[in-house]
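Biologist: I'm new to this one. Can you walk me through it?
Modeller: Sure, ask away.

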Amino acid sequence: MEFAENIFVSLKQGILKVLANFLPDWMVVLAAILISITAIAIFGPVTMMYLTWLERKVVGRIQNRFGPNRVGIFGLLQPIADGIKMLTKEDIVPESADRVTHFLAPVIVVMPALLVFSVLPFGRGMTAVNLNVGLLFFLAVSTLSTFAIFMGSWGSRNKFSVLGGMRAVAQMVSYEVPMVLSVVPVILAAGTLSTVEIVEAQAGGKWFLFTPWGFFACLIFFLCGVAEVNRTPFDIAEGESEIIAGFHTEYSGMKFALFYMAEFMGAFAVSGLTVTLFLGGWQGPWLPSWLWFLLKTYLFVLVMIWFRGTFPRLRVDQLMGFAWKVLLPFALLNVFVAALWTLLPAPKNHLVALAAEIAAVFLIWFFSRKDAPQKRTYTYAT
């Protein structure tokens, strides 16, 4: 058990110990940084490749079909075949496009998706950079993808792409507000912005998910995260039925694959941060800490896949209304509930917080019920 727990940390330390025999100290420090960067640079794309395989398999089962089953056993080599196809496809750039912007957008969109991995605590002692503001770093860096998406849409010189880019910017800006507010209760309870210390604050099974404010904060954060990475049912930025493929309409080959990679790595990162903030991160009995983290994270990834195979795409008015009229007021009220919870003694704090959450749900339902989509009645000509 101890060997499995420390396998990755011991491997890194072993490499550094060998290098320390013939390299100066500053180069050993540089080597430690490069090892972490290399691990993230490998883990990110590999995760993306096999998340695509997992999604196609799960959605295939939902739709009563097999999914990939031709290339390799159970289709396990299908992601590699897809990668080869993307690398060898022709890169088509519209004649009127801004070639520099068109080229830079898919490159820049991958950078935030990789950078946020550096502050995710994958296991005990397995955080690439343990920043004391790790949570703030994650939220700040993840917003950079908005610029890349709009760069790609504007640089394409395509009206459908620009519409998709404008939708994406409006959606991301709207959902970032309740997303940030939903993590404030976690900061109040843990007293830190460090992702590692937030996990340690939930030791002994004291997961924030099991508090009244934590359950709703987790729900708000996860839904906002799904919207941030343009996953169903929030994928209006690439609404194929209306605007072809939105912001990446004019992309082909490896450039398109980079947008695809950023989406799946973002989905994993959002799921990983949800686990870190509300489900105790790597905390758990019997199994290695890194395995607990992966199991919990893939549970949320499966929920995202379930969303894609189940829910239709929201209309733009429904999507924006849900952010501003439901999630935002709920996130604001949840901050006050969490403050009450931290100030009152147990078990009184749980009872008061639960009553306040029920009241908040009723108030939001009461004031937003008139905006709920109404059933349509169609009259057909005879």
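Biologist: Which residue follows α7, and what is the sign of its phi?
Modeller: Arg157 follows α7, and its phi is positive, near 55 degrees. Keep in mind that this is a predicted model.

Biologist: Which residues of α7 are buried?
Modeller: Ser145, Thr146, Ala148, Ile149, Gly152, Ser153 and Gly155. The helix itself spans residues 145–155.

Biologist: What covers them?
Modeller: The cover includes α5 (99–115), α6 (134–142) and α8 (159–190).

Biologist: New topic. How many salt bridges does a search of the whole structure find?
Modeller: The search finds 5. One of them joins the side chains of Glu55 and Arg231, at 2.2 Å from N to O. That pair links distant parts of the chain, 176 residues apart. Glu55 is in helix α3, while Arg231 is in the loop between α10 (212–228) and α11.

Biologist: Is Glu55 buried or exposed?
Modeller: Glu55 is buried, because its relative accessible area is 3% and the cut-off is under 20%. Arg231 also has 3% relative accessibility, so Arg231 counts as buried.

Biologist: What other salt bridge does α3 have, say at Arg56?
Modeller: Arg56 pairs with Asp82, with the closest N and O atoms 2.7 Å apart. Asp82 sits in helix α4 (residues 78–88), 26 residues from Arg56 in the chain. Arg56 is partly exposed, at 34% relative accessibility.

Biologist: And what does Asp235 pair with?
Modeller: Arg313, with 3.2 Å between the closest N and O atoms. Asp235 lies in the loop between α10 and α11, and Arg313 in the loop between α13 (289–310) and α14 (316–343), so the bridge ties together parts 78 residues apart in sequence. Asp235 is buried at 8%, whereas Arg313 is partly exposed at 26%.

Biologist: Which residues do salt bridges with shared partners join into one network?
Modeller: Glu55, Arg231, Glu263 and Arg308.

Biologist: Back to α3. How do α3 and α12 cross?
Modeller: Their axes come within 9 Å and cross at roughly 90 degrees. The two helices are therefore roughly perpendicular. Residues in the contact include Phe43, Met48 and Glu55 of α3, and Tyr260, Phe264 and Phe268 of α12.

Biologist: What about Ser252, where does that lie?
Modeller: In the loop between α11 (240–243) and α12. Ser252 is buried, at 13% relative accessibility. Ser252 touches Glu90, Asp91 and Ile92, leaving aside residues up to four places away in sequence.

Biologist: Last one. Which residues form the nonpolar surface patch?
Modeller: Trp26, Val29, Leu30, Ile33, Leu34 and Ile37, with about 610 Å² of accessible area together. Trp26 is in α3 and counts as exposed, at 57% relative accessibility.

Terms used. Residues numbered from 1 in each chain as written. Predicted model: local features only at pLDDT ≥ 70, side-chain atom pairs only at ≥ 80, totals over all residues. Heavy atoms only, no water. Patch = residues over 30% accessible without salt bridge, like charges linked within 9 Å, V, L, I, M, F, W, Y side chains within 5 Å. Areas by Shrake-Rupley, 256 points an atom, 1.4 Å probe, with all protein chains shown as cover. Salt bridge = Lys/Arg side-chain N within 4 Å of Asp/Glu carboxyl O. Helix = DSSP H or I, 4+ residues; strand = E, 2+ residues; numbered from the N terminus. Buried < 20%, exposed > 50% of the residue type's maximum accessible area, 1.4 Å probe, protein only. Axes fitted to C-alpha atoms, helices over the stretch in contact; angles between N-to-C directions. Parallel < 35°, antiparallel > 145°, perpendicular 65-115°, else oblique. Contact = heavy atoms within 4.5 Å.
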